[in-house]
Number of protein chains: 2
Amino acid sequence: MSQILIRHLFGPGPTNPYPEATEALARPLLGHLDPQFLEIMDSACDGLRAVWGTENRRTLPLSATGSAGMEAAFVNFVNPGDPVVIAVNGLFGERMCDVACRCGADVIRVDFPFGEAVDAEKVAAAHPSPKIIAAVHAETSTGVRSDIAALGRIKGDALLLVDAVTSIGGIELKADEWGIDIGYAGTQKCLGVAPGLAPFTVSERAWQRRVEKPRSWYLDLDMLGGYVGEASGSSRTYHHTAPVAMVASLEAGLRRVLDEGLDAVRERHEAAGRALQDGVEAMGLELFAAQGHRLPELTTVKVPEGVDSAAVRRELLEKYDIEIGAGVKECANTVWRIGLMGPNAAPESVTLILGALREVLGR
Amino acid sequence: MSQILIRHLFGPGPTNPYPEATEALARPLLGHLDPQFLEIMDSACDGLRAVWGTENRRTLPLSATGSAGMEAAFVNFVNPGDPVVIAVNGLFGERMCDVACRCGADVIRVDFPFGEAVDAEKVAAAHPSPKIIAAVHAETSTGVRSDIAALGRIKGDALLLVDAVTSIGGIELKADEWGIDIGYAGTQKCLGVAPGLAPFTVSERAWQRRVEKPRSWYLDLDMLGGYVGEASGSSRTYHHTAPVAMVASLEAGLRRVLDEGLDAVRERHEAAGRALQDGVEAMGLELFAAQGHRLPELTTVKVPEGVDSAAVRRELLEKYDIEIGAGVKECANTVWRIGLMGPNAAPESVTLILGALREVLGR
């Protein structure tokens with residue numbers, strides 16, 4: 001293999017992990033039923049409760065990436081024919097529709113322009129009594145934040161299902177206060193841990209309405225509960241071999257975040273994102289996401305006319321070891337996505353990416 | 001957290017990883033679309049082809065643990081009502097029945113006593129024209145090896161689906177020569193890598209008969225093929241964020257295994273297992289798995305009458321930092337499972353576990 005590179009991961013994720021999270025990955029491995037590992041798992045679940053803003057007993061890391069969290073969210077709660085209202089304002093809302101369809105849902109899709117936020121009133125008007133209302137908190141494809149609390153206020157009898165992959169640990173997230181019933185997230189964004197696990201949480205209210213025998217064995221929350229989340233001590237039963245190294249890494253990353261303090265971490269993301277967005281505009285570039293709904297942790301920038309989007313990304317990668325993301329779908333060549341997440345939410349990252357962009361674009 | 005322990009993982013898995021695999025986990029993280037990461041992914045797929053004994057183009061690590069491999073094996077190839085013959089001689093054969101049922105299969109279960117091998121003739125007689133015949137190569141619950149080549153000879157028009165979680169990298173495995181059409185495995189056993197990925201392979205014959213739109217989005221092999229396995233270079237399309245650290249670790253572990261040489265690695269597992277089994281019998285203990293079908297990498301031992309199985313395991317863990325496994329289901333308290341896999345397939349591990357057992361049992 002070629003020499004090992006040190007990349008600045010300023011794309012939409014993964015981000016560079018916290019050193020504590022990397023160090024934990026390389027620790028001597030423990031068995032998945034070892035008492036010391038079960039302590040680590042419990043501590044990880046406690047940490048996840050804190051970053052979700054929940055007291056849900058059923059809060060745990062699923063043994064796969066964030067997209068498997070999306071699948072678990074639908075497969076455990078959708079019976080064939082259930083009406084499911086999905087707000088779509090980006091790629092991940094679209095993906096929800098595909099996943100829900102495969103579970104047999106009667107999907108009612110409510111579209112919003114890419115780059116704009118979800119409007120709760122329009123979602124409420126879509127169906128009189130859906131089983132589930134689903135939305136993405138922070139759209140990774142567009143850099144937009146939607147108001148989840150507003151969806152909680154209009155949900156009525158429905159369960160509120162939320163994608164928090166790019167919001168968790170980066171911006172305010174209050175699962176209990178906002179009325180989130182089913183939530184999934186990722187580790188590789190603002191939590192500053194490598195990808196491989198899906199932080200998941202379920203309210204008691206949702207639990208009562210779960211599918212009795214989900215089509216997925218691997219993501220069956222009831223079976224998973226025998227190993228983690230509900231069980232403790234010697235009552236734990238084996239379901240599958242947990243990815244022990246990844247769980248240890250998540251636990252260490254969460255401790256790093258909670259030691260710094262959730263508010264402080266969010267302020268750091270806010271400050272870095274604000275400085276980046278100001279700097280980008282000062283350079284004469286335009287932001288893509290609608291004003292007032294911009295995520296600090298993920299900035300979308302319109303590619304200036306006449307500039308080759310891919311060539312700029314390639315130069316950033318090859319000359320500066322900086323990764324930024326392309327846009328998605330119809331915006332593939334017209335938008336860049338710049339993430340400052342986890343340890344990269346820092347002034348030096350802002351200075352570096354702005355400086356490099358200025359040099360490459362000649363501005 | 002308490003002090004970091006160094007455990008000797010002599011249970012049914014995970015095993016202690018090779019140092020190369022651990023080192024790769026802690027390397028600076030790469031983005032999942034970084035050209036250097038895609039090189040690592042390609043190298044991992046090449047390495048997997050070697051340990052599977054296949055030239056299948058569709059050979060890749062799925063982004064979840066071995067049990068998700070089992071789910072992918074059924075969900076991508078079973079349409080509701082398809083007859084699926086499953087040979088059951090342990091827990092993992094039973095799990096296959098559950099997973100296949102959830103996919104809507106018409107499951108024809110062929111039972112064999114736990115501790116004995118699968119008999120191909122009995123499997124062949126179970127149904128005149130199944131779509132799939134499924135079996136476990138190395139039953140992790142009982143320590144038994146079954147003859148997969150014999151199943152390949154009787155499969156007729158059926159697809160042969162094989163669980164190679166505990167066999168891959170440890171004993172002979174020849175997917176192409178034996179006629180395996182769909183295979184899944186794990187990383188945390190004889191490959192000597194932490195748990196978190198499921199090595200997977202699909203023959204062209206199986207590919208032609210796949211489900212068009214599987215119920216699982218996350219494990220949809222057709223969509224995954226756009227990112228890995230079939231695609232290359234800039235034609236790769238994003239499906240989900242790959243667990244980059246785990247893939248880098250797998251790649252390093254595979255290189256370690258292939259540098260030593262597959263035959264040499266298997267001989268090492270064979271020698272360690274044989275020495276352990278001889279030593280256990282010399283101590284007056286009985287082996288559980290049927291003679292002639294014993295796995296070298298996973299030895300099952302009957303707990304002597306009057307001995308408290310759990311107390312012995314606890315003493316091994318607390319006094320010697322040695323983990324061994326309990327038995328499964330009806331054998332939970334009457335069988336121990338001792339694995340010598342990956343780097344632990346070595347003379348010093350045999351000496352250590354035999355010595356510790358002798359001391360704890362007073363033999």
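**Figure 1. Salt bridges across the whole predicted model.** Let's start with the charged pairs: this predicted model holds 49 salt bridges over all its chains. What lets such pairs form? Side chains of opposite charge can pair when their charged atoms come close. The next few views pick out some of these pairs.

**Figure 2. B:Asp34 and A:Arg7 form a salt bridge that crosses between chains.** Zoom in on this pair and you'll find the closest N and O atoms 2.5 Å apart. On one side, B:Asp34 sits in the loop between helix H1 (19-25) and helix H2 (35-52) of chain B. On the other, A:Arg7 belongs to the segment before strand E1 (8-9) of chain A. Are these two residues buried or exposed? B:Asp34 has a relative accessible area of 1%, so it counts as buried. A:Arg7 is buried too, with 7% relative accessibility.

**Figure 3. A:Arg58 pairs with A:Glu204 within chain A.** Here the closest N and O atoms of the salt bridge are 3.2 Å apart. A:Arg58 is part of strand E2 (residues 58-62) of chain A, while A:Glu204 is part of helix H8 (residues 204-207) of chain A. Because of where the two residues lie, their salt bridge ties together parts of the chain that are 146 residues apart in sequence. Now check how much of each one shows: A:Arg58 is buried, at 8% relative accessible area, whereas A:Glu204 is partly exposed, at 42%.

**Figure 4. B:Glu251 and B:Arg255 meet in a salt bridge inside one helix.** Take a look at helix H10 (residues 244-260) of chain B, where this pair sits. The N-to-O distance is 2.9 Å. The two residues are four places apart in the helix, which means that about one helical turn separates them. B:Glu251 is buried, with 3% relative accessibility, but B:Arg255 is partly exposed, with 35%. Over in chain A, salt bridges with shared partners link A:Glu20, A:Arg256, A:Glu260 and A:Arg268 into one network.

**Figure 5. Seven strands of chain B make an open sheet.** Follow the strands across and you get the order E2-E10-E9-E8-E5-E3-E4, with mixed pairing. Which strands stand at the edges? Those are strand E2 (58-62) and strand E4 (106-111); each has a single partner strand, so one side of each has no neighbour in the sheet. On average, neighbouring strands are turned by 15° against each other, direction ignored. Want a closer look at one edge? E2 of chain B runs antiparallel to strand E10 (residues 198-202), and five bridges join the two. In one of the bridges between these strands, B:Pro61 is partnered with B:Pro199 of E10.

**Figure 6. Helices H2 and H4 of chain B lie across strands.** H2 lies across E2, strand E9 (182-184) and E10 of chain B, and it runs at about 110° to E2. Helix H4 (residues 91-102) runs at about 160° to strand E3 (83-88). The strands that H4 lies across are E3, E4, strand E5 (132-136), strand E8 (159-163) and E9 of chain B.

**Figure 7. Chain B meets chain A.** How many residues take part on each side? There are 63 residues of chain B in contact with 63 residues of chain A. About 5,100 Å² of area is buried between the two chains, and carbon and sulfur atoms give 60% of it. Six salt bridges are counted between chain B and chain A, and one pair of side chains to spot is B:Asp98 with A:Lys213, which meet in a salt bridge at 3.5 Å, N to O. There are also 22 residue pairs in polar contact between the chains. On the chain B side, the elements giving two or more residues are H1, H2, helix H3 (66-75), H4 and H10. H4 of chain B gives the most, with six residues.

**Figure 8. A close-up of B:Thr140 in its loop.** You'll find B:Thr140 between strand E6 (138-139) and strand E7 (144-145) of chain B. B:Thr140 is buried, at 5% relative accessibility. Leaving out residues up to four places away in sequence, B:Thr140 touches B:Pro12, B:Phe92, B:Thr166, B:Lys189, B:Leu298 and B:Arg337. With B:Thr166, the touch includes a polar contact between the two side chains, at 2.7 Å. B:Lys189 is 49 residues away along the chain, and its C-alpha atom is 10.0 Å from that of B:Thr140.

How values were computed
Residues are numbered from 1 along each chain as its sequence is written. Chains are lettered from A and ligands numbered from 1 in the order in which they are written. This is a predicted model: local features need pLDDT of at least 70, side-chain atom pairs count only at pLDDT 80 or more; totals for chains, interfaces and linings use all residues. Side-chain values use heavy atoms; hydrogens and water are left out. A salt bridge is a side-chain nitrogen of Lys or Arg within 4 Å of a carboxyl oxygen of Asp or Glu. Buried means under 20% relative accessible area, exposed over 50%, partly exposed in between (1.4 Å probe, protein chains only). Two strands pair if DSSP finds at least two bridges between them. Axes are lines fitted to C-alpha atoms, for helices over the stretch in contact, and angles run from 0 to 180 degrees between N-to-C directions. Contact means heavy atoms within 4.5 Å. Buried area is the accessible area (1.4 Å probe) that two parts lose on being put together, summed over both. A polar contact is a pair of N or O atoms within 3.5 Å; within protein, one must be able to donate a hydrogen and the other to accept it, and residues adjacent in sequence count only if both atoms are side-chain atoms.
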